[in-house]
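Here are a few exercises to work through with the model open in your viewer. Try each task before you read the solution below it.

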Amino acid sequence: MELDPLLLSRLQFAFVVSFHALFPVFTIGLASFIAFLEFRAWQTGDALYTRISKFWIKIFAVVFGMGVVSGIVMSFQFGTNWSVFSYATANFLGPVLSYEVITAFFLEAAFLGVLLFGRDRVPQGVHVFAALMVALGTFISSFWILVANSWMQTPAGLELVDGVFQVTSWMEAIFNPSFWPRFFHMGLASLLTAGFVVAGVSAYYLLRNKHVEMNRKALGVTMWILLFAAPAQLVVGDIHGLNTFEHQPTKVAAMEGVWETERGAPFLLFAIPDSANETNHLEIGLPNMASLVLTHELDGEVPGLKEVPAEERPPVGITFWSFRIMLAIGFVMIGFALWSAWLRFRGDLFGSERFLKGLTWMIPTPFVAVLAGWFVTETGRAPWLVYEIMDHATGLTPSLTGGMALFSLLGYIAVYAVVFTAGVYYIVRIVRKGPEPDHPVQEPQHAKRPLSAADTPFNDNPAADARS
């Protein structure tokens, strides 16, 4: 059997991007949370904020490192597997990815060291500023990455001349039609991801009656953030969906499982799409709801997949179910946010065992939602690399063989498995050991204090929390 280099290259890029996406979406939100804690500690003098920040900085450092390692190879793949695409888009994507390094990565690198190792070596205000700059750097990084991805979804400001994209307007290319909805959608997804992880870990400690005062404060603050972010994501997601409906109607048709153009299209709660026969099986839907959401009219027209040739349609099953998984998790998140508000009103936010257990089970769900969202975004764009201009087959490296693509795919899987296992193992160790004690042992004043492991965020003191 001959190996298909196109299929293997698509699988490889999907694997690498999916693996990598888990880490930035968490660190972007967590960096903002840490910056908030550091600012509040500086503003109020409350040591609990500092203690919470110290604990989460340890986890941030590990996840940030995993993100850097997993992200480096993505740019390599453009050259190894998609050289025609890389050559054609170099005038735009080359500078954009360089801007990400210059404006974001350098900023993060400069201040990350201060955040990790400078707490007792610089004034508190400088340490707070470093935390703010690291948080800003993560958002700047996501800005440029989403510029690149959004341009591939809704290309603008360029024209294709002799197989090469020439920039006609940098402003139109950067701020392409789908950029802002995607940017805010991803920003809120980052806050939700970090928020539910922090809330889940805090609930884990509270259920075990450990580090109670610290985790009450962490959970209280986080649930306020989630109470804002979860409903806001529903609104931004709707705006994003309307934007996609305008610029990528075929993707929306796949998301909704609509084959024939129709008015009053239902929103399908369940269906089994059948691409071969261009139909769905076992449909269960809400009448007119897809039209209402997409056109704001009960009898609004929704274009079907049959409007385009079969070879220009995305994989319907993956796109259809990924969208529903993402949507279902989003509504569960809103439910937990509203539940927390009700419990807070009743004065039982920290005492409801059912709520706290539920939060611990919610820890992995934002990552699943993020992956499902990326599947919708990327599979829904297929078969296009640059929407309706360049397809996957055209952008593939001509000399790439199936054997070469399989070898690199298996190599990435093996290496990433090691990175992921090691990272998760260390994070679990940090959580199990818990935060540093309230009152660490003081050294004799006459002794000169040397640089030691105690000065790093990776120092884990197994001593019991005095407040537990």
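**Exercise 1. A backbone oddity in a strand**

Leucine 282 sits in strand S5, which covers residues 279–286. Have a look at its backbone in this predicted model: what is the phi of leucine 282?

Solution. Start from the residue type: leucine 282 is not a glycine. Now read off the torsion, and you get a positive phi of about 55°. So that you keep the location in mind, the residue with this value belongs to S5.

**Exercise 2. A peptide bond to check**

Go to the peptide bond from alanine 382 to proline 383 and work out its state: cis or trans?

Solution. Omega for this bond is near 10°, and the bond is cis. Next, place it: proline 383 lies in the loop between helix H12 (365–381) and strand S7 (384–386).

**Exercise 3. How H1 packs on H4**

Find the angle between helix H1 (residues 5–44) and H4, and then classify the pair.

Solution. Step one is the geometry: the two helices pack at about 160°, and their axes are 9 Å apart. Step two is the class: angles over 145 degrees count as roughly antiparallel, and therefore H1 and H4 are roughly antiparallel to each other. Step three is handedness, and the crossing of H1 past H4 is left-handed. Step four is the contact itself. H1 brings residues including Thr27, Ile28, Ala31, Glu38 and Trp42, while H4 brings, among them, Gln124, His127, Val128, Phe139 and Ser142. Sorted by class, this contact of H1 with H4 has 12 nonpolar, 7 polar and 1 charged residues.

**Exercise 4. How H4 meets H6**

Do the same for H4 and H6: at what angle do their axes cross?

Solution. The axes come within 9 Å and cross at roughly 135°. That makes H4 oblique to H6. As for handedness, the crossing of H4 and H6 is right-handed. The H4 side of the contact includes Phe139, Ser142, Phe143, Leu146 and Gln153, and these residues meet an H6 group including Trp180, Arg182, Phe183, Met186 and Gly187. The class tally for H4 with H6 is 8 nonpolar, 5 polar and 1 charged residues.

**Exercise 5. The cavity**

How many cavities of 30 Å³ or more does the model have, and which residues line the largest cavity?

Solution. The count is 1 cavity, and the volume of the largest cavity is about 30 Å³. Its lining consists of Ile28, Phe139, Ser142, Leu146, Phe183, Met186, Gly187 and Ser190. Map these onto the helices: H4 (124–153) and H6 (179–207) each supply at least two lining residues, and H6 gives the largest share, with 4 residues. Finally, check the chemistry: the lining has 5 nonpolar, 3 polar and no charged residues.

**Exercise 6. Glycine 241 and its surroundings**

Which residues does glycine 241 touch, leaving out those up to four places away in sequence?

Solution. First locate glycine 241: helix H7 (residues 212–247) contains it. Its contacts beyond those sequence neighbours are Val252 and Leu294. For a distance check, take alanine 229, which is 12 residues from glycine 241 along the chain: their C-alpha atoms are separated by 18 Å.

Definitions and conventions:
Residues are numbered from 1 along each chain as its sequence is written. This is a predicted model: local features need pLDDT of at least 70, side-chain atom pairs count only at pLDDT 80 or more; totals for chains, interfaces and linings use all residues. Side-chain values use heavy atoms; hydrogens and water are left out. On a 1 Å grid over the protein atoms alone, a cavity is a set of points where a 1.4 Å probe fits but cannot get out, and a pocket is an open set with protein on both sides within 12 Å along at least five of seven lines; lining residues have an atom within 4 Å of a point. Grid points are joined across faces, edges and corners, and a volume is the space filled by probe spheres set on the points. Ala, Val, Leu, Ile, Met, Phe, Trp, Tyr, Cys and Pro count as nonpolar, Asp, Glu, Lys and Arg as charged, and the others, Gly among them, as polar. Axes are lines fitted to C-alpha atoms, for helices over the stretch in contact, and angles run from 0 to 180 degrees between N-to-C directions. Angles under 35 degrees count as roughly parallel, over 145 as roughly antiparallel, 65 to 115 as roughly perpendicular and the rest as oblique. A crossing is left-handed if the near helix is turned anticlockwise from the far one by less than a right angle, and right-handed if clockwise. Contact means heavy atoms within 4.5 Å.
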